[in-house]
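Let's take a walk through a protein model together. Keep the picture open while you read, and look for each residue as it comes up.

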Amino acid sequence: METSSTGTTNRTEEAAAPTDGADAAADMSGAADGGGTAGQRRTLTEWAGLALLAVVVLLFGAFVHVFGPLLAISCSSCQDGVRSPLRFGEALFAVSAVAVPLTTLGTVVALFAARRAARASGIGLCALLLLLLAEQLLGQFTG
């Protein structure tokens, strides 16, 4: 290594390239995802955990898709038990018919594609919860 007049060190050829392929693999193993698991395959237990997370995401997505709009328009003090007419009925339908299935599908795909599956499923479940809350909010306004 050479030291410049400013006191900083400049790396030369000896530090620029590792001496063998094992050093290069060790240097690159944790660079991409912050951990040392790059290139390792998932075990059977990890696949079972991913399958369980996928089932949880699918069940919660189905709950938000089916029961979210029903809970949003239900009314205990209304004559027939349903709020009507809805001011944002089309938006409620769009959230239920488009946004919820796409979010569920995206979460399941990210769960199996991403290296950090728990983080992907947590983000997806939070997004589904926010969509459920959006449905509840849209169902409160009558016109």
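## A walk through the chain

Phenylalanine 63 counts as partly exposed, because its relative accessible area is 33%. Keep in mind that what you're looking at is a predicted model. You'll find phenylalanine 63 in helix H3, which covers residues 44-73.

Now for the overall layout. The chain has five helices and two strands. If you read along the sequence, the order is β-β-α-α-α-α-α. The chain counts 143 residues, and 22% of them are buried.

### A patch and a cluster

Back to phenylalanine 63. Together with Val66, Phe67, Leu70 and Leu71, Phe63 makes a nonpolar patch on the surface. The accessible area of the patch adds up to about 440 Å².

Phe63 also belongs to an aromatic cluster, along with Phe60 and Phe67. So two of the names, Phe63 and Phe67, turn up in the patch and again in the cluster.

### Rings that pair up

How many aromatic pairs does the structure hold? There are four. One of them is formed by phenylalanine 60 and phenylalanine 63: their ring centres are 6.4 Å apart and their planes meet at 20°, so this pair is stacked. The cut-off helps here, because planes under 30 degrees apart count as stacked. Both residues sit in helix H3, and because they are three residues apart there, about one helical turn separates them. Phenylalanine 60 is partly exposed, since its relative accessibility is 24%.

Next, try phenylalanine 88 and phenylalanine 141. Their ring centres lie 5.6 Å apart with the planes at 90°, so they make an edge-to-face pair. This pair ties together distant parts of the chain, with the two positions 53 residues apart in numbering. Phenylalanine 88 is in the loop between H3 and helix H4 (89-113), while phenylalanine 141 is in the segment after H5. Are these two buried or exposed, or something in between? Phenylalanine 88 is partly exposed at 34% relative accessibility, and phenylalanine 141 is partly exposed at 36%.

Another ring to look at is the one in tryptophan 47. Arginine 42 lies over its face, 5.5 Å from the ring centre.

### A disulfide and a cis bond

The structure has one disulfide. Cysteine 75 and cysteine 78 are the partners, and their sulfur atoms are 2.2 Å apart. The torsion about that S-S bond is about 80°, so the disulfide is right-handed. Which of the two partners is buried, cysteine 75 or cysteine 78? Cysteine 75 is buried, because its relative accessible area is 13% and buried means under 20%. Cysteine 78 comes out as partly exposed, at 25% relative accessibility. Cysteine 126 is partly exposed too, with a relative accessibility of 48%.

Here's something to look for in the backbone. Most peptide bonds are trans. The bond from serine 84 to proline 85, however, is cis, with omega near -15°. Proline 85 is part of the loop between H3 and H4.

### Far along the chain, and how far in space?

Some residues have many positions between them in the sequence, so it's worth checking the distance in space from C-alpha to C-alpha as well. Here are three such pairs.

| Pair | Apart in sequence | C-alpha to C-alpha |
|---|---|---|
| Alanine 127 and threonine 103 | 24 residues | 7.3 Å |
| Leucine 137 and alanine 72 | 65 residues | 7.4 Å |
| Phenylalanine 60 and leucine 129 | 69 residues | 8.7 Å |

Where are these residues? Alanine 127 is in helix H5, which runs over residues 117-139, and leucine 137 is in helix H5 as well. Phenylalanine 60, as you saw, is in helix H3.

How open to the outside are the two H5 residues? Alanine 127 is partly exposed, with 27% relative accessibility. Leucine 137 counts as exposed, because its relative accessibility is 52% and the cut-off for exposed is over 50%.

Methods: Residues numbered from 1 in each chain as written. Predicted model: local features only at pLDDT ≥ 70, side-chain atom pairs only at ≥ 80, totals over all residues. Heavy atoms only, no water. Helix = DSSP H or I, 4+ residues; strand = E, 2+ residues; numbered from the N terminus. Buried < 20%, exposed > 50% of the residue type's maximum accessible area, 1.4 Å probe, protein only. Patch = residues over 30% accessible without salt bridge, like charges linked within 9 Å, V, L, I, M, F, W, Y side chains within 5 Å. Areas by Shrake-Rupley, 256 points an atom, 1.4 Å probe, with all protein chains shown as cover. Salt bridge = Lys/Arg side-chain N within 4 Å of Asp/Glu carboxyl O. Phe/Tyr/Trp six-rings, centres within 6.5 Å; stacked < 30°, edge-to-face > 60°. Lys NZ or Arg CZ within 6 Å of the ring centre and 35° of its normal. Disulfide = S-S within 2.5 Å.
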